[in-house]
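Here is a guided reading of one protein model, written for someone who has not met it before. Please keep the sequence and the structure in view while following the paragraphs below.

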Amino acid sequence: MQVIIADSAQEVARLGADQLSALMRTRPGAVLGLATGNTPIALYDELIRRYRDGQLSFAQARSFNLDEYVGLAPGHRQSYRHFMNQHLFNHIDIPLAQTWVPDGLGDPETVGEAYEALIDAAGGIDLQVLGIGRNGHIGFNEPSSSLGSRTRIKTLAPQTLADNSRFFSPDEFQPSLAITMGIGTILRSRKALLLATGESKADAVQAMIEGPVTASCPASALQLHPCALVIVDSAAGARLE
Ligand code: F6R
């Protein structure tokens, strides 16, 4: 696992965008694994800027998102499909038909397997973008998730529900289930790029990098990834030895 401690959140986004830019230049048809949440917004803004400057094209890329809320239709304003359209896809040249987000309305028995089959048919993920939860989750693989898990439905942990409640208005339904790529799915990506910013992530970042590989901190499984790059700002990296 390679770790970069950057000066600021903007620098994290810039260095993360450098990784995607380099991949897109050498492999225009790359398969990207993408994340939602606060952390990658600055990364996506930087990618949009580079696309508008003519430095980057995503016309041949394909993408698979990590997760989606169970019970939300793609058009729902809280769905992760909506998030991706709003924060990235609507602003770059990737055709929406080349982007996949797990189906939040899919049959729970088959939706995970079907998503894995789509990833396999695309040739696997070249670069998986990840954030980290304060409890060490990656995707929605909450603590105690199997390190070999594949795409499936998971119950969100109380802390994750509380952390994400900021995105929902008080009278709005907040799903407590999500469909998420598994830790095993993430470990199969050819490169993993985890970004973390802010002091609220410092404990999770330390556990991921310096703690034991354990299902109690799902992100620690990245220690087993053959090509994992973690980019954090100084606040998120503050507890590293
Ligand atoms: C989102 C995802 C989550 C987030 C994590 C951090 O697709 O899979 O694991 O990356 O919850 O979220 P933020 O960036 O909002 O702190």
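**A walk through the model**

S144 sits in the loop that runs between β6 (127–130) and β7 (152–155), in what is a predicted model. Although S144 is not a glycine, its phi is positive, at about 90°. Is S144 buried or exposed? With 10 other C-beta atoms within 10 Å, S144 is exposed, because a residue with 12 or fewer such atoms counts as exposed.

The strand that follows this loop, β7, shows an alternating pattern: R152 and K154 point to one face and are buried, while I153 and T155 point to the other face and are not buried. This agrees with a general rule, by which side chains in a regular strand alternate between the two faces of the sheet. β7 pairs with strand β8 (residues 177–180) in the antiparallel sense, over 4 bridges, and within this pairing R152 stands opposite T180 in β8.

From this detail one can step back to the whole chain. The protein has 7 helices and 10 strands. Its radius of gyration is 17 Å, close to the 18 Å that the globule rule gives for 241 residues, so the protein is as compact as a globular protein of that length. The C-alpha trace spans about 40 × 40 × 35 Å along its principal axes, and buried residues make up 44% of the 241 residues. Of the contacts in the protein with a separation of 6 or more, 79% are between residues 24 or more positions apart. An unreviewed UniProt entry places the feature "domain: Glucosamine/galactosamine-6-phosphate isomerase" at residues 7–223; this span is 33% helix and 14% strand, and its end C-alpha atoms lie 23 Å apart.

How are the strands of the open sheet ordered? The sheet has 7 strands, in the order β1-β10-β9-β6-β2-β3-β5, with parallel pairing. Its edge strands are β1 (2–6) and β5 (99–100), each of which pairs on one side only. Within the sheet, strand β9 (residues 192–196) and strand β10 (residues 228–233) run parallel and are joined by 5 bridges, and A192 has A228 in β10 as its bridge partner.

Helix α2 (residues 39–52) offers a view of how helices and strands meet. Its buried residues are T39, P40, A42, L43, Y44, E46 and L47, and the buried residues of α2 pack against α1 (9–26), α3 (80–87), β6 and β9. After α2 comes G54, whose phi is positive, near 85°.

T39, listed among the buried residues of α2, also belongs to the surroundings of the ligand: of the 14 residues around the ligand, T36, G37, N38, T39 and G131 come nearest. The residues of this shell divide into 5 nonpolar, 8 polar and 1 charged.

A last stop is L224, which lies in the loop between α7 (202–210) and β10. L224 is exposed, with 12 other C-beta atoms within 10 Å. Which residues does L224 contact, leaving aside its neighbours within four places in sequence? L224 is in contact with L187 and V213. L224 and A121, by comparison, are 103 residues apart in sequence and 24 Å apart in space, C-alpha to C-alpha.

Terms used. Residues are numbered from 1 along each chain as its sequence is written. This is a predicted model: local features need pLDDT of at least 70, side-chain atom pairs count only at pLDDT 80 or more; totals for chains, interfaces and linings use all residues. A residue is near a molecule or strand if its C-beta atom, placed from the backbone, lies within 6 Å of it. Ala, Val, Leu, Ile, Met, Phe, Trp, Tyr, Cys and Pro count as nonpolar, Asp, Glu, Lys and Arg as charged, and the others, Gly among them, as polar. Helices (H or I, at least four residues) and strands (E, at least two) are DSSP runs, numbered from the N terminus. The radius of gyration is taken over C-alpha atoms; the globule rule is 2.2 Å times the number of residues to the power 0.38. A residue is buried if 20 or more other C-beta atoms lie within 10 Å of its own, exposed if 12 or fewer, and partly exposed in between; C-beta atoms are placed from the backbone. Two residues are in contact if their C-beta atoms, placed from the backbone, lie within 7 Å. UniProt positions are given in the numbering used here, feature names are shortened, and annotations may be inferred rather than shown by experiment. Two strands pair if DSSP finds at least two bridges between them.
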